[in-house]
There are 2 protein chains.
Amino acid sequence: MKYLEDLIKEQGEIWPGGIVKVDSFLNHQIDWKLYQEMGKEFYRLFKDDGINKIMTVEASGIGIACVAAQYFKVPMVFAKKYKTSNIDSDLYSAKVHSFTHGNDYNMVVSRKYVNKSDRILLIDDFLANGQALLGLKSIIEQAGATLCGCGIAIEKGFQPGGKLLRDQGIRVESLAIIKSVTDDTIEF
Amino acid sequence: MKYLEDLIKEQGEIWPGGIVKVDSFLNHQIDWKLYQEMGKEFYRLFKDDGINKIMTVEASGIGIACVAAQYFKVPMVFAKKYKTSNIDSDLYSAKVHSFTHGNDYNMVVSRKYVNKSDRILLIDDFLANGQALLGLKSIIEQAGATLCGCGIAIEKGFQPGGKLLRDQGIRVESLAIIKSVTDDTIEF
């Protein structure tokens, strides 16, 4: 999506280790207009798939998923990150490894809010290693619901998450795919 | 706001200790239509105050603040909860006590995204003890920005936060104020 690629080029900051900081419009300060454009685009891409629920995981995905939910006119459910390993019996849970923080966490969703009849679109701000999305996929499978696809703002094409998900037959639509990052350029 | 009060009455669950669970529409599963109605109402209440930024703190406030930002057509900035006590010099921070989790945490905001010219509306899903909002107020003061008011979805009128903030001269607009909770009734 040109709107997003332009913002990445204009405002994205390149940090050591191939990190692209998009704090000024995507995941710390938020550009309301960008969020609307992304919501509209996800709707255009997935409007014929009978989506009746959007899911994400806290925290950065919540805003994008909420704005997108307006276009689909469906509820949004976000998984919570859970500190303890004691999982209540009324929760679905998945263990997720965070490469960013170098640790594992449990994500949980109440059993009340995912069920067999759900056709779910996953939304997230970043796709790098894909672990968070695989956690959400596991929860969807536990509930017997249907995963219709993933809508991602920025995919890091040089990291393995995109291939990992697509190799499992999951439809992944990323609005910007960063092919490579050098010290001073970002290539799409 | 009648729409919100009706949802609380219909779907809110009363848990021991005066806890009202609104997981089914406000802060786990999200009702997109409610979020839009709240956004419109915050805009109606604060549209003449020259708001040029909305702020909240992760996680549950993010969605409401993103949807509201569309009506104000202004950026939204969310404070992040910080695990370590080493605060980078490029961050504003405030120490906040969480009564829910019984611990302290630091909330941080990049210095780049709050500045003197900002006229800020704070948005959050719940107001109980008011500590998170006081943390955000402290960050606004550190930046020399102006706090124009707080837009809250649900205020627990039987807890001290609302009085604490209003006694400091802060305009607080809560879309539903729960006056009391018994074993089987919620009173507004």
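## Notebook: two chains, a few residues and helices

**Entry 1, B:Asp118.** I began with the contacts of B:Asp118: leaving aside its neighbours within four places in sequence, this residue touches B:Asn52, B:Lys53, B:Tyr113, B:Ala145 and B:Thr146. A reminder to myself that I am working with a predicted model. In chain B, I find B:Asp118 in the loop between strand E7 (103-110) and strand E8 (119-127). Is B:Asp118 buried or exposed? Its relative accessibility is 4%, so I put B:Asp118 down as buried, the cut-off for that being under 20%.

**Entry 2, B:Ser98.** Next I looked up B:Ser98, which sits in strand E6 (residues 91-98) of chain B. I noted 9% relative accessibility, so B:Ser98 counts as buried. With the neighbours within four places in sequence left aside, I list B:Asn103 and B:Tyr105 as its contacts.

**Entry 3, A:His28.** Then I moved to chain A, where A:His28 has its place in the loop between H2 and strand E3 (29-30). Which residues does A:His28 contact, leaving aside its neighbours within four places in sequence? From chain A I have A:Asp23. From chain B I have B:Met76, B:Val77, B:Phe78, B:Lys80, B:Val108, B:Val109, B:Ser110 and B:Tyr113. B:Tyr113 was already in my notes as a contact of B:Asp118. The relative accessible area of A:His28 is 4%, so I mark this residue as buried. I also took a distance: A:His28 and A:Asp104 are 23 Å apart in space, C-alpha to C-alpha, and 76 residues apart in sequence.

**Entry 4, helix H1 of chain A.** I went through helix H1 (residues 2-11) of chain A and found A:Leu4, A:Leu7 and A:Ile8 buried. Why do I place them on the same side of H1(A)? They cover an arc of only 100° around the axis, so they belong on one side together. I kept the textbook background beside this: an α-helix has 3.6 residues a turn, so residues three or four places apart point the same way. On the other side of H1(A), I marked A:Lys2, A:Lys9 and A:Glu10 as exposed. What do the buried residues of H1(A) pack against? My list for chain A reads strand E2 (19-21), helix H2 (23-27), H3, strand E9 (146-156), strand E10 (172-178) and strand E12 (186-187).

**Entry 5, H3 and H4 of chain A.** H3 had come up as a partner of H1(A), and I followed it to its packing with H4. In chain A, helix H3 (residues 32-46) and helix H4 (residues 61-72) have axes 8 Å apart and an angle of about 55° between them. That angle makes H3(A) oblique to H4(A). The crossing of H3(A) past H4(A) is right-handed. On the H3(A) side, I wrote down A:Tyr35, A:Gln36, A:Met38, A:Gly39, A:Lys40, A:Phe42, A:Tyr43 and A:Phe46 as making the contact. On the H4(A) side, I wrote down A:Gly63, A:Ile64, A:Val67, A:Ala68, A:Tyr71 and A:Phe72. How do the residues of this contact of H3(A) with H4(A) divide? I get 10 nonpolar, three polar and one charged.

**Entry 6, H3 and H4 of chain B.** I then turned to chain B, where the axes of helix H3 (residues 32-46) and helix H4 (residues 61-72) come within 8 Å and cross at roughly 55°. H3(B) and H4(B) are therefore oblique to each other. H3(B) passes H4(B) in a crossing I noted as right-handed. Among the contact residues are B:Tyr35, B:Met38 and B:Phe46 from H3(B), with B:Ile64, B:Val67 and B:Phe72 from H4(B). By class, the contact of H3(B) with H4(B) comes to 10 nonpolar, three polar and one charged residues.

**Entry 7, backbone checks.** Last, I went over some backbone angles. The peptide bond from A:Glu58 to A:Ala59 is cis, with omega near 5°, and A:Ala59 lies in the loop between strand E4 (53-57) and H4 of chain A. In chain B, a cis peptide bond joins B:Glu58 and B:Ala59, with omega about 5°. I place B:Ala59 in the loop between strand E4 (53-57) and H4 of chain B.

After H4 in chain A, I stopped at A:Lys73, in the loop between H4 and strand E5 (76-82). Phi of A:Lys73 is near 55°, a positive value in a residue other than glycine. With a relative accessible area of 56%, A:Lys73 is exposed. For B:Lys73 I noted phi near 55° and a relative accessible area of 56%, so B:Lys73 goes down as exposed.

Note on methods:
Residues numbered from 1 in each chain as written. Chains lettered and ligands numbered in written order. Predicted model: local features only at pLDDT ≥ 70, side-chain atom pairs only at ≥ 80, totals over all residues. Heavy atoms only, no water. Buried < 20%, exposed > 50% of the residue type's maximum accessible area, 1.4 Å probe, protein only. Contact = heavy atoms within 4.5 Å. Axes fitted to C-alpha atoms, helices over the stretch in contact; angles between N-to-C directions. Parallel < 35°, antiparallel > 145°, perpendicular 65-115°, else oblique. Left-handed = near helix turned anticlockwise from the far one by under 90°. Nonpolar A, V, L, I, M, F, W, Y, C, P; charged D, E, K, R; others polar. Arc of directions from axis to C-beta.
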